[in-house]
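Subject: Structure handover

Hello,

Here is the structure I said I would pass on. Please open it before reading the notes underneath.

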Amino acid sequence: MTIDKESLKVLKECAELQIKKSNDYQNPNSRIKQADYYPRGVLTILDIVYAKVLRMYSVIEAMESDKSYQQNFESIEDSAKDLINYSSFIAAYCRNGIEGQDGSKDFLNREHLADQRTDEGE
C-alpha cells in the first residue's frame with residue numbers, strides 16, 4: 001500500500017513520534033513502565049485526552065478571535081497527533097497491551113469482576 005493520502009502520512013508520523021516519546025517516558029534505564037502513567041486505566045487516558053481537547057479549543061478560539069494570536073508551545077497539529085496516539089493507547093489498554101499493565105485487572109485497572117466475586121465468597 002502506498003501512502004498517498006495525507007491522513008495516512010499523519011498516522012505514520014504518529015507511530016514514529018510514539019516510538020521517540022516512549023524512549024523518554026519509558027526509558028530502558030528507568031523502572032517506569034507505560035502503565036504506571038494510567039492508575040485508573042482508560043479513565044486516566046481519557047482525562048489526558050480531555051485536557052488536550054480543552055487546550056485545542058482554547059488555542060483555536062483565541063486564534064479565531066485574534067488573527068495575530070500566535071500559540072506559544074505545541075501546535076494544533078502536534079496536539080492532534082497526541083490525540084491519535086492517546087487513542088491508540090486506549091485501544092491497546094483494552095487489549096491488555098500496554099507495557100507494565102497488570103493482566104489480572106480490567107480496562108479501568110480494577111480487579112476482574114470474576115476475581116472480585118471469588119474474593120467475596122460468591
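The notes below go from the overall fold to the core and then to individual side-chain pairs.

Overall picture

This is a predicted model, not an experimental one. The average pLDDT over the protein chain is 89, and 89% of the residues reach at least 70. Among the elements, helix 3 has the highest mean pLDDT, at 96, while helix 4 (residues 113-119) has the lowest, at 58. Where pLDDT is low, the predicted coordinates should not be read in detail. Please keep that in mind when you look at helix 4, given its mean of 58.

The protein chain contains four helices and zero strands, so the order of elements from the N terminus is α-α-α-α. It has 122 residues, of which 21% count as buried. About 8,900 Å² of the protein chain is exposed, and 53% of that area comes from carbon and sulfur atoms. Taking the contacts with a separation of 6 or more, 56% are between residues 24 or more positions apart.

The core

The largest nonpolar core is made of twelve residues: Ala35, Tyr38, Val42, Ile45, Val49, Met56, Leu83, Tyr86, Phe89, Ile90, Tyr93 and Ile98. At least two of them come from helix 2 (42-65), and at least two from helix 3 (76-94). Helix 3 is the main contributor, giving five residues. In soluble globular proteins, nonpolar side chains tend to be buried together.

Leu83 is a useful residue to click on here. Setting aside residues up to four places away in sequence, Leu83 touches Val49, Lys52, Val53 and Met56. Of these contacts, Val49 and Met56 are also listed in the core.

Salt bridges

The count is nine salt bridges. Three are described here.

Lys52 pairs with Asp82, with 2.7 Å between the closest N and O atoms. This pair ties together distant parts of the chain, since Lys52 is in helix 2 and Asp82 is in helix 3, 30 residues apart. Both Lys52 and Asp82 are buried. Lys52 is also one of the residues that Leu83 touches.

Glu77 and Lys81 form a salt bridge as well, at 3.3 Å from N to O. The two residues are four apart in helix 3, which is about one turn of the helix. They belong to a network in which salt bridges with shared partners join Glu13, Glu77 and Lys81. Lys81 counts as buried because its relative accessibility is 13%, and the limit for buried is under 20%.

Glu6 and Lys9 meet in a salt bridge at 3.8 Å, N to O. Both sit in helix 1 (residues 6-25), and because they are three residues apart, about one helical turn separates them. Are these two buried or exposed? Glu6 counts as exposed, at 51% relative accessibility, whereas Lys9, at 34%, counts as partly exposed.

One buried threonine

Thr44 is located in helix 2. With a relative accessibility of 12%, Thr44 counts as buried. Which residues is Thr44 in contact with, leaving aside its neighbours within four places in sequence? They are Tyr37, Tyr38 and Pro39. Tyr38 is itself one of the core residues.

Regards

Definitions and conventions. Residues numbered from 1 in each chain as written. Predicted model: local features only at pLDDT ≥ 70, side-chain atom pairs only at ≥ 80, totals over all residues. Heavy atoms only, no water. Core = buried A, V, L, I, M, F, W, Y, C linked by side-chain atoms within 4.5 Å. Buried < 20%, exposed > 50% of the residue type's maximum accessible area, 1.4 Å probe, protein only. Contact = heavy atoms within 4.5 Å. pLDDT = per-residue confidence, 0-100. Areas by Shrake-Rupley, 256 points an atom, 1.4 Å probe, with all protein chains shown as cover. Salt bridge = Lys/Arg side-chain N within 4 Å of Asp/Glu carboxyl O.
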